[in-house]
Amino acid sequence: MNTTQICYQRRHLADLGAALRLARAQSSREHGPRAELARHQQQRLEAVVRHAATHSPFYRRHFAETGTLDDGPVQLRRLPVLDKSLLMEHFDELVCDPRLRRDELLDWVGRMTRDQLYLNRYRVMLTSGSSGSPGLFIYDAIGWRSIGSGLARSTTWSGLRPTLPRQRMAFVGAAGPSHIGRQAATLGSGLHRVLALPITLPLPRLVEALNQFQPTYLQAYPSAAMWLVDEQHAGRLRVSPRILVTVAELRTPEMTRRLQEAFEVRPFDLYGTTEGLFGSECEHHQGIHLFEDTTLVENVDPDGQPVPPGQPGARLLVTNLYNLVQPLLRLEVTDVVTLDPNPCPCGRILARMNTIYGRSDDVLSLCARDGGQVAVHPLHFALLTRDPQLREFQVIQDGPLLRVLVVPRHPSSPAAAGSDDGLETRLSHAIAQQLLELGVQDPQVTVERHSELARTAGGKLKLVIADPASRPVRKPTLLRAPD
Ligand SMILES: [Zn+2]
């Protein structure tokens, strides 16, 4: 082992230990009182904002010019809202270590071949972003350990305990080492046996690796989990994980049912963002509890005003309470969610998302019969996941036309490309009918067969790709940056 590898190993063990300790402290706050969680959040917010005011030239200037920061308690609502384009544009002056330069980091992360630390210190992650422009995120040890605590917490909720012999955790997900899912998969190694399989692996090799490993814990993107359902039914995949977890994409009720049927366990849904917001279903599976110990979450409308629980917001504003190298204060995350106004039967006080409609960039805006616009969410296409002939689908908006790309479940069956089994007609009618019921005027739908669908750089399948030209002009928000 060379010095870099020894450094890496030491750091990994320290991260793991610290993440487990942090998770224990969090679970002691889980059942309230809420005031105790609020006290912890305010303490962390003060630490992060005061650190930014001192070490980030971007925030130092902003706070000096606007006077938003005085000697009194830090008030979240007075802090400026940040979006990803601002974050990338002002990257070099926003970070708290002047050695971190956006262009050098983009170059370095592009050449990364394994789990590595920049300057033997920082974790660097990329997000693909709907507009095609990448987001660059940096975590120092403290920030990364808070992500680790979220994962430790979610695996504990799903029932995974360290044992001897060790538990076997398999992850089917991101292909590249710059993706948070791939880096997070390394966190539990040592404590458990970990196998991270890239989604880009040919399906027979994926199946073979899983058969050999026999995971006790299996985590996958819902779209990949559906492939595994088919393989398990066909008898080629023979695994019986005790814990099944999906992450990162929309999972419809139909997908949940099929997973449960194939693997005979109730799947947990995990939510994670590179911005640091994590959450998980508890044992009651009634929505995703957000890990508010490590991030503050505001659900806001298109004007940036708070939305009460029970109503869908337009996006989330996320404040990371532990990232001290790249302060992420009120950063926009384009997820459209509804928070549950009722307490969870588990008694945990953490806010709960009971509906995730998808990213707001994935919401289609179509002309309504009454003259206005109808918002069509990815969940409105759930009827396609119920179709027994389909393996997966993607809806691409092209002006008024919706192109529905479908992959048949049995490519060698009569449903294969070129055959006339009525699949296209049946699906386009069903979708058009659904859109009419939503109030869309003259829906135009075409269905095209494909053998596979394009995925994002992180390997995720986007169910809906909106046409940016058809999106309504966004109302002005609170967004502002220091000049
Ligand atoms: Zn609960």
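Which order do the strands have in the open sheet of 3 strands? In this predicted model, the order is β10-β11-β12, and the pairing is antiparallel. Strands β10 (295-300) and β12 (331-333) form the edges, each of them pairing on one side only. From one strand to the next, the twist averages 30 degrees. Strand β11 covers residues 315-320 and is joined to β12 by 3 bridges, the two strands running antiparallel. Across this pair, leucine 317 stands opposite glutamate 332 in β12.

Another open sheet has 9 strands, and its pairing is mixed. Read across the sheet, the order is β4-β3-β5-β6-β7-β8-β9-β14-β13. One edge is β4 (193-198) and the other is β13 (335-339), each pairing on one side only. In this sheet too, the twist averages 30 degrees from one strand to the next.

Within the sheet of 9 strands, the pair β7 and β8 can be followed by residue. Strand β7 takes in residues 268-272 and strand β8 residues 278-281; they run antiparallel and are joined by 3 bridges. Glycine 272 has phenylalanine 278 in β8 as its bridge partner.

Two helices can be placed against these strands. Helix α7, residues 141-157, lies across β3 (168-173), β5 (217-220), β7, β8 and β9 (288-290). Its direction is at about 0 degrees to β8. Helix α10, residues 222-234, lies across β3, β5 and β6 (243-247), and runs at about 120 degrees to β5. Strands β3 and β5 are thus among those crossed by α7 and are also crossed by α10.

The next topic is the empty space inside the model. Rolling a probe the size of a water molecule over the atoms shows where such space is left. The structure holds 4 cavities of 30 Å³ or more. The largest cavity has a volume of about 140 Å³. It is lined by 14 residues, and those closest to its centre are Met255, Thr385, Arg391, Glu392 and Phe393.

Which elements each supply at least two residues of this lining? They are helix α10, helix α11 (253-263) and strand β17 (390-398). Strand β17 gives the largest share, with 4 residues. Helix α10 therefore appears in two places in this account: it lies across β3, β5 and β6, and it supplies part of the lining of the largest cavity. By residue class, the lining of the largest cavity divides into 8 nonpolar, 2 polar and 4 charged residues.

Methods:
Residues are numbered from 1 along each chain as its sequence is written. This is a predicted model: local features need pLDDT of at least 70, side-chain atom pairs count only at pLDDT 80 or more; totals for chains, interfaces and linings use all residues. Side-chain values use heavy atoms; hydrogens and water are left out. Two strands pair if DSSP finds at least two bridges between them. Axes are lines fitted to C-alpha atoms, for helices over the stretch in contact, and angles run from 0 to 180 degrees between N-to-C directions. Contact means heavy atoms within 4.5 Å. On a 1 Å grid over the protein atoms alone, a cavity is a set of points where a 1.4 Å probe fits but cannot get out, and a pocket is an open set with protein on both sides within 12 Å along at least five of seven lines; lining residues have an atom within 4 Å of a point. Grid points are joined across faces, edges and corners, and a volume is the space filled by probe spheres set on the points. Ala, Val, Leu, Ile, Met, Phe, Trp, Tyr, Cys and Pro count as nonpolar, Asp, Glu, Lys and Arg as charged, and the others, Gly among them, as polar.
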